[in-house]
Amino acid sequence: MAKIEDLKEEAKKLLREGKVKYIIGYGAGTNGWPAAPLFIKKPEDVDKLVWDPTCVHNLVRFLVDEKRRKSRQKQPDKRPVGIIVKGCDSRAIVVLLQEKFIDRNDVYILGVSCEKTGVVDDAKMSKKLAGKKAKTVQVDAQDRFVITTEDGKVEVPAEELLAARCLECKANFPVIYDVLSGEKTKRPLDKPFGSLEKMESLSAGERWSFWREQLDKCIRCYACRSACPMCYCDECVVDSINLAVTADTTADEKARRTRWIQRSAESSENLVYHLVRAIHLAGRCIDCGECERACPLDIPLRLLNKKLEKEAKELFGYEVGFDAALPALVSCFRDEDPQDFIR
Amino acid sequence: MAEDYEPRIVAFLCKWCSSAGSDLAGVSRMEYPPNVVPIQVMCSGSVSPLYVFSAFNKGADGVLVSGCHPGDCHYIKGNYYARRRLNLVKKLLEYVGLEPQRFRMSWVSAAEGTKYTQVIKDFVKDLKPLGPQTKLRRNP
């Protein structure tokens, strides 16, 4: 894990000179762990920034909120927003730039490299600690996690606690940044789609019972949608209550709107909702794992998105989040795209 | 049960080719199974994945999307987009465990009435042994 002293200096300078509106970073969580998103407006608060393996959040989501807020202001502050990003988060910025949702001048990117480690997985860690509460998680010189609990320190090899997405991360350093802290070291990666292996070895029937069981749990709280930096549509097709209503929308118009799926937590509808979400994220999902982390029912949503990421790679040679100048996956095509499934 | 079961197919047909192809099959009095509910769309590229999921959700046993042959799109490249997007849809449906036979795509031009009847015949033949689609179907 990189040290972020140089980033703090830079952050202080940016705030003092008023080059950025504010900086989004990670601060100490209320409970010790995990780190919590922190918004810094004053240079003297910069020292509250932390960087350790508990910085699990993808802060890019706040850029989406910032854009909304800005569009509602009469005289918006046009200065950029500073943001601290990991490798995966930086790819989310690339996708937002690619889709022209944000402008490069709207954001000042303070990149941190995860170097040889990554972020911890909540579930794996609580299992490891067997009920004890972690106070801090640090990385030692051998890239092992050192967890401080009330009973002392526990040392664990990084691979045991790393989030599944970190084990499959293609670039654990920011691909786009204004300032970078840490080295661009690649971790050896033998299975880029390792988490899918188990699913793909199952038969269709077994896959169906797996997904039905998982998606039956869904309570349609839409936490996955709220946490996702890519789910930024103002109107979401899956729930009809947020469709735009203006002063001249008549009751008739509202009644006539196509309700593709209802908001009921019924198993077939849950499935359709998650399929729609997966398709909408095809070629856009950068695998930050926020949906899965935010899910109160622990539905392995990453497996849906990861599958489409894999298909995009295998069928169309498309890798998401590395080049903002490329067209999006479904808005381009090649003559030689596979069509063996078409009669 | 297997004897009586008639699958219901929802077919999204491109206005410029496949729909005209199905018309040709009709006016030429070619025989094909009456299990299809054709829905004319302006282009196969306009078929949103949501149409497909929604059709299954509302009780379709099979969904067919048919458009112009590559290179023949009225809008120059709509069918290329469709090909890419619906390939992903197909993979995703198979991934969650839907039978791969239930969703298919074909290129049918306005002159290929015979091909259209063949596509439908094959589709119905493949769907019959599978029985009704209950996985994505909304409980009535």
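Which residues in α13(A) meet which residues in α3(B)? I started my notes there.

**Ground rules.** I am working on a predicted model, where local features need pLDDT of at least 70, side-chain atom pairs count only at pLDDT 80 or more, and totals for chains, interfaces and linings use all residues. Residues are numbered from 1 along each chain as its sequence is written, while chains are lettered from A and ligands numbered from 1 in the order in which they are written.

**Entry 1: α13(A) against α3(B).** I listed the pairs by contact (C-beta atoms, placed from the backbone, within 7 Å). On α13(A) I found A:K307, A:L308, A:E311, A:L315 and A:F316. They meet B:R84, B:N87, B:L88, B:K91, B:L92 and B:Y95 in α3(B). I sorted these residues by class and got 6 nonpolar, 1 polar and 4 charged. Ala, Val, Leu, Ile, Met, Phe, Trp, Tyr, Cys and Pro count as nonpolar, Asp, Glu, Lys and Arg as charged, and the others, Gly among them, as polar.

Helices here are DSSP runs (H or I, at least four residues), strands likewise (E, at least two), numbered from the N terminus. Helix α13 covers residues 302–316 of chain A, and helix α3 covers residues 78–95 of chain B. I read a packing angle of about 135°, with the axes 10 Å apart. That makes α13(A) oblique to α3(B). Axes are lines fitted to C-alpha atoms, for helices over the stretch in contact, and angles run from 0 to 180 degrees between N-to-C directions. Under 35 degrees counts as roughly parallel, over 145 as roughly antiparallel, 65 to 115 as roughly perpendicular, and the rest as oblique. I noted the crossing of α13(A) and α3(B) as right-handed (near helix turned clockwise from the far one by less than a right angle; anticlockwise would be left-handed).

**Entry 2: the whole contact.** I looked up both sides: 31 residues come from chain B and 31 residues from chain A. On the chain B side, α2 (49–57), α3 and β4 (103–107) each give two or more residues. α3(B) gives the most, with 12 residues. By class, the chain B side has 14 nonpolar, 6 polar and 11 charged residues.

**Entry 3: chain B by itself.** I found 4 helices and 4 strands. Along the sequence the pattern is β-α-β-α-β-α-β-α. The radius of gyration is 14 Å, close to the 14 Å of the globule rule for 140 residues, so chain B is as compact as a globular protein of that length. The radius is taken over C-alpha atoms, and the rule is 2.2 Å times the number of residues to the power 0.38. The C-alpha trace spans about 40 × 35 × 20 Å along its principal axes.

I then checked α1(B) (residues 18–27) against α4(B) (residues 113–127): the angle is about 95°, with axes 7 Å apart. The two are therefore roughly perpendicular to each other. B:S18, B:G21, B:S22, B:L24 and B:A25 meet B:G113, B:Y116 and B:T117. This contact has 3 nonpolar, 5 polar and no charged residues.

**Entry 4: two loop residues in chain A.** Buried or exposed, I asked of A:K86? A:K86 is buried, with 28 other C-beta atoms within 10 Å. The cut-offs are 20 or more for buried, 12 or fewer for exposed, and partly exposed in between. A:K86 sits in the loop between β3 (81–85) and α3 (87–98). A:C233, in the loop between α9 (223–227) and α10 (251–256), is exposed, with 10 such atoms.

Definitions and conventions. Two residues are in contact if their C-beta atoms, placed from the backbone, lie within 7 Å.
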